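Me: Please look closely at one sheet and the elements packed around it, and then place that part within the wider structure. I would like a connected account suited to a first-year student.

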Amino acid sequence: MKKLFCLLLALCMVLSLAACGGSASSGSSAPAADSGEEAPASAASGDTLKIGVISPNTGNLAAYGTGIHTGAELAVEEINAAGGILGQQVELVELDDRADPTECLNAFNNLVSQGIGLIIGSATSGATSAITGPANEEEVVIIAPTATADSITTEDDYIFRVCYADSAQGAIAAAYAKTAGFDKVGIVYCAGDVYSSGLKDSFSAACAEQGIEVVATESSAALTTTEYTNQFTAMVNAGVDFVYAPYYYDVIGPYVIPQARAAGYDGVIMGADGYDTTPDYVREADAPAFNNIYWTNHYFAGDTSEKVTSFVAAYKDKFGSEPSAFGATGYDSVYVYKAAIEAAGSADPAAVRDALADTSTVYECVSGTFSFDVSGTPVKGAPVITFKDNGDGTIGMELVDVVEASDLA
Amino acid sequence: MSTFIQTVIVGLRLGSVYALIALGYTMVYGIIRLINFAHGDFIMVGGYTIIFTVPLVLALGLPAWAAVLAAVAVCALVGMGTEIIAYRPVRKKGTNMSALITAIAMSLFLENLAQAIPAIGPNPKVADQIFTAGGFKIGSVTFEYTTVITIVISAVIMIVLYMFTQKTRLGRAMRCVSEDKSAATLMGINVNHTIILTFAIGSALAAVAALMYMAQYPRIYTTLGSDLGIKAFVSAVLGGIGIIPGAVLGGFVVGLFESFTTSYISSSLADAVVFLILIVVLLLKPAGIMGKNVGEKV
């Protein structure tokens, strides 16, 4: 097995060297080209305005990537039909990162070497954190549709996102626990993942503020872990009726929830935006386990606001299914770029960055109306959604509550 | 006490899957001294075969687990095919090292081939319920039917396999080839047939392991084999690679250690402890728990 690792490592090194070579050569040509070559390059590629999209289109979290790139495609189709941005037609260059940091960096380098300076991506915080540093170095703008870890955006950088940060998400969950009357809670999280452990930290911090006691904390080692029975047995022994379990849909659906119920844990399980698309990954026989489960999301497809209903109708029309929250944030990312490019009057990355950094601009999006804070993260609330067993082997969703940004302050 | 029993059950059900997979590694290693890295991927092949044949089997009015018969057939064919097309020619011309690299290549080939098939694709699939849902309670401990069935079937298969290698002519032939190929040839044993038979049995076990795995953990994806393969390989080495009871023991040791670490030490240390145990055992007993230290004949 060591041999396999050596081989894989060698392969990764070769690939990353190749990738570095690519960006280095474009970097070295940049100084000479600053005034001359770069402008014609964008003009040459340029009857179209290119936006890169990096998302996990294959692999364990493929449902996320599918949502993001279909949402972005829908937005681009609408924009192009309405005459484009600043008179230019928009073209998406879509790459797959399989939710893997290395793949994400490779995709990023590939886009940069094509001269693309505006990027949407990626879905997971783990993958996105691999490209935030390089994006600042290369002065490339990134709008992350759903990377929620607090560390993704910082002040004075090129990174923005259209989703709230995990500190907000954890606070919403804690506020929900408080209003539902739980003063003792447990946490089960993945110690080997940025997203899951970040949410655990923000949830426990918010609990401390709310005066909720975290009486039991259990973890799993990696996202590939399949066994969660012991963790939930510990929750039962600790006597808690509310467990915060921030995981992704690919383990929530087949493993975490059925095993939690089998271990005798019947209380509330609360999660975050990673729970989106879970109903597609549940065995029919496990459907009865999916009651008493709550999670925070970016938007609710059943929302009756005009913005959401027209988006859902257009998406269904084009792709034949209801858009996930990832579809909504992918769609929103394109429109935020459109607003910023129009405000800047050009698609030059530095100018777009400055336009995005203006915290007074209000964006009216499917996933809420918001403006950015100084770090580039939206200030907005979140819907709290619950799963319910439909009784026929399928799982439905219901809106429980909408927590506004002002409620949290 | 109930936590203790629950922990043992979880350990046994993890261990029974590891043990079944470890058997495949150990059988092939025992006979041709090759670590068959593609073995984990045979499980993936078996898993997808089960997913695709379950609707067919249900339509015929049979229970869902009967799909394992198709998976056994497909896996045995894939295993024998791998041996005939890839391993045997390389073994004849190359060294042990080139055979090992071929095994790695075969593993990556199978994973990527599966992704390229449109019906499989790179996205995970969720399997249907395979055994009767539900369970029974003794005290405060829940025994799920699926878990009980998994442990029982694994135990039965291991005993049958052990009897097969000890008591039957074919099993004896396998042990002979494993000990000394040229002497086995002189005794009139067809070495190539015996090796192919080993691959067929090892791969068929992978199909059964796939059924057991999917009954417990109903998600399957193309790189499943490498994730599961590592732990199973560790189990085989821990128990003493090449020794059938050793693989079983190793599987249960790894499963139980994983479960007990999760319950009583720290759940995020489960994997670290498993690999630490491997290092400690190999330091104390380099041939594995059941391995015999055979001195080199000079």
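Reply: Val243(A) stands opposite Ile269(A), a residue of strand β9 of chain A. The model is a predicted one, in which local features need pLDDT of at least 70 and side-chain atom pairs count only at pLDDT 80 or more, while totals for chains, interfaces and linings use all residues. Residues are numbered from 1 along each chain as its sequence is written, and chains are lettered from A, and ligands numbered from 1, in the order in which they are written.

β9(A) covers residues 268–271 and pairs with β8(A) in the parallel sense over 3 bridges. Helices (H or I, at least four residues) and strands (E, at least two) are DSSP runs numbered from the N terminus, and two strands pair if DSSP finds at least two bridges between them. In general, the strands of a sheet pair through backbone hydrogen bonds, either parallel or antiparallel.

These two strands belong to an open sheet of 7 strands in chain A, with the order β7-β6-β8-β9-β10-β13-β14 and mixed pairing. At the edges stand β7(A) and β14(A), the latter at residues 395–403; each has a single partner strand, so one side of each is left without a neighbour in the sheet. From one strand to the next, the twist averages 25°. Such angles run from 0 to 180 degrees between N-to-C directions, with axes taken as lines fitted to C-alpha atoms, for helices over the stretch in contact.

Helix α8(A) lies across β6, β7 and β8 of chain A and runs at about 165° to β7(A). This helix spans residues 229–238 and is mostly covered, with 8 of its 10 residues buried. A residue is buried if 20 or more other C-beta atoms lie within 10 Å of its own, exposed if 12 or fewer, and partly exposed in between, with C-beta atoms placed from the backbone. The buried residues of α8(A) include Phe232(A), Ala234(A), Met235(A) and Val236(A), and also Thr229(A) and Asn230(A). Their packing partners in chain A are β6 (184–190), β7 (213–220), β8 (242–244) and α9 (249–262), and those in chain B are α1 and α10 (244–265). After α8(A) comes Gly239(A), with a positive phi near 75°.

The helix thus leads to the contact with chain B. That contact takes 33 residues from chain A and 32 from chain B; two residues are in contact if their C-beta atoms, placed from the backbone, lie within 7 Å. On the side of chain A, α1 (2–33), β7, α8 and α9 each supply at least two residues. By class, this side has 13 nonpolar, 14 polar and 6 charged residues. Here Ala, Val, Leu, Ile, Met, Phe, Trp, Tyr, Cys and Pro count as nonpolar, Asp, Glu, Lys and Arg as charged, and the others, Gly among them, as polar.

Both chains also appear in the largest nonpolar core, which has 224 residues; among those with the most contacts inside it are Ile142(A), Cys75(B) and Leu211(B). Helix α1 of chain B (residues 2–32) gives the largest share of this core, 17 residues. The core also draws at least three residues from each of the two domains of chain A, domain 1 (18–164 + 307–378) and domain 2 (167–297 + 383–408). A nonpolar core is a set of buried Ala, Val, Leu, Ile, Met, Phe, Trp, Tyr and Cys residues joined through C-beta atoms within 7 Å. Leu211(B) touches Ile50(B), Trp65(B), Val68(B), Ala71(B) and Ile130(B), not counting residues up to four places away in sequence.

The domain bounds come from an automatic or database domain assignment. The C-alpha centres of domain 1 and domain 2 of chain A lie 30 Å apart, and 15 residues of domain 1 are in contact with 15 residues of domain 2. On the domain 1 side, α5 and α11 (325–344) of chain A give two or more residues. The largest share of that side, 3 residues, comes from α5(A).

Finally, chain A as a whole contains 13 helices and 14 strands. Buried residues make up 54% of its 409 residues. Of the contacts in chain A with a separation of 6 or more, 70% join residues 24 or more positions apart.
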